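Welcome! Let's take a walk through a protein together, with the picture beside the text.

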Amino acid sequence: MTDPAWFPLPDAPLYPATRYACLADRIAGFMDTANDVLLIQGEAVVALEAAASSLGRPGLRAINVVTSLYGAWFGDWLRRAGATVTDVVASPGLPVRPDAVARAFRAAPGAGLLSFVHAESATGILNPISEIMEIARAAGALSVVDAVASFGGHPLHVDTLGIDVAVIGPQKALGGQAGVSAVSVSPRAWAAMNPPGSAPSILSLADQRESWLRTGRGALPGTPSALEFHALEAALARVAAEGMDALVARHSRAARAMRTGVLAMEQKLWVPAESASSLVTALALPESVYATAVAAHAPFPAAMIAPGVGPAAERLLRLNHTGPRAAAASVLVTLSAAAAALNASGIAADGGSALAAAGAVLAAG
Ligand SMILES: *Cc1c(COP(=O)(O)O)cnc(C)c1O
């Protein structure tokens with residue numbers, strides 16, 4: 001400790017037991033669902049693993065869409081729980097095609113579960129959620145949606161779409177902390193869920209149902225981290241003040257401005273606008289140029305400009321506009337840094353044109 005006066009978070013007060021249910025209700029409102037919402041202590045992958053562990057069982061046939069490592073993990077967690085899983089792996093870095101999902105159902109009649117990621121910040125793609133959910137509903141399969149990245153960046157109407165289990169976290173588009181996440185569970189999903197085991201499990205949603213939902217939603221079981229719940233409350237208060245629709249619109253505007261800027265400096269987009277997420281813009285690099293090398297030339301901190309993650313990682317340069325970065329100043333700074341990094345890598349990019357074009361989009365609102 002170099003500065004003894006530096007104690008930004010001294011002795012955080014306990015999080016009041018009466019407020020957990022309010023947090024869950026507020027999240028349910030933002031997810032547009034009447035389903036139960038559980039608060040899961042831990043980053044969102046914990047909630048995803050819990051969903052897979054709670055729904056996977058021997059005898060279950062599942063269709064699992066893979067558009068990033070998160071989807072690959074989900075399939076593996078289902079398998080570990082005993083399910084028979086067909087992975088539908090999209091082309092590297094691209095959204096899944098609905099016909100590929102439909103084909104997987106035809107090849108695995110009686111499949112009882114479909115899982116997929118809504119939007120990816122790893123590659124900047126948006127999976128066609130309405131079409132995929134239509135297929136799940138027609139097949140009568142339970143649906144599990146990883147909406148961790150998309151929540152706040154894209155509309156997510158859980159009940160309208162009929163999503164049985166949706167997992168969200170505050171640490172992406174909401175700009176919050178990563179230590180607590182949430183999962184919505186439909187009555188149908190509860191009915192299909194593995195019952196509590198002989199020992200308590202952090203990965204058992206049925207345990208959480210027993211110990212929290214069925215005990216009147218007071219104090220969370222275990223020892224909740226007060227800091228995380230205060231941070232979650234703050235993030236949700238910010239969303240409420242801005243409005244969920246306005247938050248989604250801010251991401252959409254940032255994405256449009258970024259894409260316009262990329263095109264104005266005569267660079268290519270990795271995917272067309274209708275397949276792109278509003279979270280990051282993926283700029284497609286020429287074959288001979290590696291994203292890691294370009295990103296290394298970025299004059300500003302790395303989080304705004306990065307290579308892809310997972311499939312096609314080196315082919316695309318990710319320009320971040322998630323959460324607090326879905327803002328005019330950040331978009332313009334990122335474009336200017338991207339132009340500098342491209343030029344330093346031997347790719348001519350006119351930063352001035354990019355800023356002018358993006359600025360016009362931002363000014364139009
Ligand atoms: C970020 C992310 C997660 C997991 O978030 P963690 O903070 O690493 O737990 C899961 N799924 C998707 C699609 C994400 O973008």
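We begin with the nonpolar cores and then turn to the ligand.

This is a predicted model, so local features need pLDDT of at least 70 and side-chain atom pairs count only at pLDDT 80 or more, while totals for chains, interfaces and linings use all residues. Residues are numbered from 1 along each chain as its sequence is written, and side-chain values use heavy atoms, leaving out hydrogens and water.

A nonpolar core is a set of buried Ala, Val, Leu, Ile, Met, Phe, Trp, Tyr and Cys residues joined through side-chain atoms within 4.5 Å; buried means under 20% relative accessible area (1.4 Å probe, protein chains only). The largest one here has 79 residues, and Ile27, Leu39 and Phe229 are among those with the most contacts inside it. Apart from this core lies another, of 30 residues, including Met258 and Ile305. In soluble globular proteins, nonpolar side chains tend to be buried together.

Now look at the ligand. Which residues come nearest to it? They are Glu43, Val45, Asp146, Gln171 and Lys172, out of 14 around the ligand (each has a heavy atom within 4 Å of the ligand). Three polar contacts (pairs of N or O atoms within 3.5 Å) are worth finding. A polar side-chain atom of Glu43 sits 2.5 Å from a ligand oxygen, and one of Lys172 is 2.8 Å from an oxygen atom of the ligand. For Asp146, the partner is a ligand nitrogen, 2.6 Å away. Taken alone, the ligand exposes 380 Å², and the protein buries 91% of that (areas by the Shrake-Rupley method with a 1.4 Å probe).

Conventions: Buried < 20%, exposed > 50% of the residue type's maximum accessible area, 1.4 Å probe, protein only. Polar contact = N/O pair within 3.5 Å; in protein donor to acceptor, adjacent residues only side chain to side chain.
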